[in-house]
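Colleague: Could you walk me through this model, starting with how its parts are arranged and then turning to the DNA?
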Amino acid sequence: MPELPEVETFVRQLRPACVGQRIAGVTLRWPRHIATPGPRQFRRRIRGQVITALDRRGKFLVFSLTTDALLIHLKMSGDLQVVPNGKPGKHDHTIFHFEDNTELRFNDTRKFGRVYLVGNPDEVTGGLGPEPLARSFTADKLGDLLAARRRPLKPLLLDQTVLAGVGNIYADEALHRARLHPQRRSDSLAPVEVRALWRSLRRTLNLAIRHNGSSIDWMYRGGEHQNHLRVYGRAGEPCLTCGKPIRHITLGGRSTHFCPHCQRL
DNA sequence: CCACCGTCCTGGCTGC
DNA sequence: TGCAGCCAGGACGGTG
């Protein structure tokens, strides 16, 4: 579920409830949730640390602690909330207990999510590409990234080492806004097309953040950007630009939606 | 360098 | 109704 806009929404909503909290302990109900270090050491090392900041890098939530960094990746089905101490739900696999008797619950139906406790967040996020919404991410930078590879645009946008935070929904949305075919080779774009993609990426992500992300199916409640999607999940429905039906294909193993009329090869 | 596939998991939906 | 099969926002490792 969560891509950059959803993770950004989590960060903004959780920040007031988390920053300043001292972690009294953790409950690991499914220890494989912890990517590093081992569960025993994780428990011992995190106890007593205070959350001093909460930020986002790509699709990772990054909690700065007194001496370490706690990173959480929600993958497909992860959900986070701070609630008063209480009985955990079926899929609350990892729980951080705060000293004020509230707790941060990592609910994760499919158990794909992961938790990292490291000295330096770069140990986890070091390989990520640039943040698409950073001021330093210019159209020229995007042009360089695209020209350096010769891959179809869609899989390229999903590659977190190229660009951080874009997932399956927003890749489709940004490509449609830019009127670029998902299979278009990345090194074939004219400067004006690079600029269009750069603008559409930022517009798409910023708009989704403004809507608190997308809530699809039963996962991730709260966002309303699903009501503004232009192609994702709209196979067969009319393109909002030209009225022709949206097509659904599989590309690089991922479900892909586009308008064959607006986005030509 | 890149494409493709299986793998990690659960559960909702579809069609027989 | 029951149930097998398919599908899903992500990402990694192995193979060719």
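Modeller: Domain bounds here come from an automatic or database domain assignment, and with those bounds chain A is divided into domain 1 (4–125) and domain 2 (139–258), whose C-alpha centres lie 29 Å apart. This is a predicted model, in which local features need pLDDT of at least 70 and side-chain atom pairs count only at pLDDT 80 or more, while totals for chains, interfaces and linings use all residues. Residues are numbered from 1 along each chain as its sequence is written, chains are lettered from A and ligands numbered from 1 in the order written, and side-chain values use heavy atoms, without hydrogens and water.

Colleague: How much area do domain 1 and domain 2 bury between them?
Modeller: They bury about 1,100 Å², with 68% of it on carbon and sulfur atoms; buried area is the accessible area (1.4 Å probe) that two parts lose on being put together, summed over both. On the domain 1 side, Leu4, Pro5 and Glu6 lose the most area to domain 2, together 42% of what that side buries.

Colleague: Switching to the DNA, which residues surround strand B?
Modeller: Among them are Trp30, Arg32, Lys90, Arg110 and Lys111, where near means that a heavy atom of the residue lies within 4 Å of the strand.

Colleague: And what do the side chains of Lys90 and Arg110 reach?
Modeller: A polar side-chain atom of Lys90 lies 3.1 Å from a phosphate oxygen of DNA strand B, whereas one of Arg110 lies 2.9 Å from a base oxygen.

Definitions and conventions:
A polar contact is a pair of N or O atoms within 3.5 Å; within protein, one must be able to donate a hydrogen and the other to accept it, and residues adjacent in sequence count only if both atoms are side-chain atoms.
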